Amino acid sequence: RAKADGRGAFHFFERAMDEELQARRALELDLRRALTAGEFQLYYQPLYHLGDDRVTGCEALLRWNHPDRGMVSPADFIPIAEEIGLIVQLGEWVLRQACAEAATWPDHVRLAVNLSPAQFRDRALVSTVVSALAVSGLPAQRLELEITESVLLQDNVANMSMLHDLKALGVRISMDDFGTGYSSLSYLRSFPFDKIKIDQTFVRDILEDSDAMAIIKAVLDLGSSLGIVTTAEGVETVEQLNALRDQGCAEIQGYFISRPAPASEIARLLGVEARDLRVPEGRQAVLT
Ligand code: C2E
Ligand code: MG
Ligand code: MG
Ligand code: MG
């Protein structure tokens, strides 16, 4: 009887694993299809300058508008897109689409785009950025590329030279999720970052946890000593905003200012007229 139960359990797990594998395969196929089907969409979240008291940038955040699943979070599909090698194509679409949209914003509003470590394995990354800027007409100075330290962790030398090439274009390089990695500090020495984005896990606890506050203060100090702009991510309340302002934080981002929103809403927020600028996937935009 015990044996029979055991086998039953085994078959159960086998079936469960099978189903999981099939679900995963289906998701992979679905992802590839989604790009050509135009199911990806960019949301934008404002970066708010506390000194200027205005929005001085927006970060592009990828969304998958799935016909059955609804809006899928990037945390759920970017890791898979990286694994199946789709991230290069997808990342190129993000760059082109975001630059095209940002080119319609006022001149003082920058665009921030996230780059995944896998995109650094593509030698064409620099020319993709050059082309996205040229086609859209967005000046390089208005583009910020956000990387996490995993970019520096993998293949340090090659990725570092790519970062220098990108910086030489005139774009800014930001270190995202600062403080969550193993050696964020040492990476500040190895590359001249333009911006540090303090991870939201520190900001979340800033009022309740004096250690979180101490770390924020230290990072703000560090940023100002190094001449690097420091942005606090995940600001959800006015109390957090005030605490950060008191500490001299220059820039914040978070639900308190605005949740990520579609381009049309962001355009309205920036006081410009929204234009429909869908960059078709797989079609190389031409310079005219
Ligand atoms: P991230 O670059 O650190 O982006 C910030 C994330 O925090 C976003 O999640 C944003 O919606 C969320 N967030 C912003 N303000 C608040 C707040 O006040 N409270 C809370 N709880 N969350 C807030 P999202 O859009 O789900 O993106 C998650 C991550 O996915 C991003 O983290 C980024 O690493 C990655 N990602 C998003 N779009 C792209 C993309 O186009 N390419 C690549 N490679 N990665 C992307
Ligand atoms: Mg980011
Ligand atoms: Mg972040
Ligand atoms: Mg993050």
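Q: What distance separates an oxygen atom of ligand 1 from an N or O atom in the side chain of Gln200?
A: This is a predicted model, in which local features need pLDDT of at least 70, side-chain atom pairs count only at pLDDT 80 or more, and totals for chains, interfaces and linings use all residues, while side-chain values use heavy atoms and leave out hydrogens and water. Residues are numbered from 1 along each chain as its sequence is written, and chains are lettered from A and ligands numbered from 1 in the order in which they are written. Between the Gln200 side chain and an oxygen atom of ligand 1, the distance is 3.1 Å.

Q: Which residue has a side-chain N or O atom 2.9 Å from an oxygen atom of ligand 1?
A: For Glu233, the distance from a side-chain N or O atom to an oxygen atom of ligand 1 is 3.2 Å. The residue for which this distance is 2.9 Å is Arg63.

Q: How much of the accessible area of ligand 1 does the protein cover?
A: Besides the contact at 2.9 Å from the side chain of Arg63, we can consider the ligand as a whole. On its own, ligand 1 has 800 Å² of accessible area (by the Shrake-Rupley method with a 1.4 Å probe). The share of this area that the protein covers is 81%.

Q: How many residues surround ligand 1?
A: A residue is counted here if one of its heavy atoms lies within 4 Å of the molecule. The closest are Arg63, Asn114, Asp176, Glu236 and Tyr255, and the surrounding residues number 23.

Q: Which residue coordinates both magnesium ions, ligand 3 and ligand 2?
A: Donors are N, O and S atoms within 2.8 Å of the metal (3.2 Å for Na, K and Ca), and sites may look incomplete because water is not among the atoms. Ligand 3 is coordinated at 2.0 to 2.4 Å by Asp176, Asp177 and Glu233, the last of these listed twice through OE. Ligand 2 has Glu59, Asn114, Glu146 and Asp176 as protein donors, at 2.0 to 2.3 Å. The two ions are 4.3 Å apart, and the residue that coordinates both is Asp176.

Q: What spacing do the donors of the magnesium ion (ligand 2) follow along the chain?
A: For comparison, the donor residues of the magnesium ion (ligand 3) are spaced D-D-x55-E in sequence. For ligand 2, the spacing is E-x54-N-x31-E-x29-D.

Notes
Polar contact = N/O pair within 3.5 Å; in protein donor to acceptor, adjacent residues only side chain to side chain.
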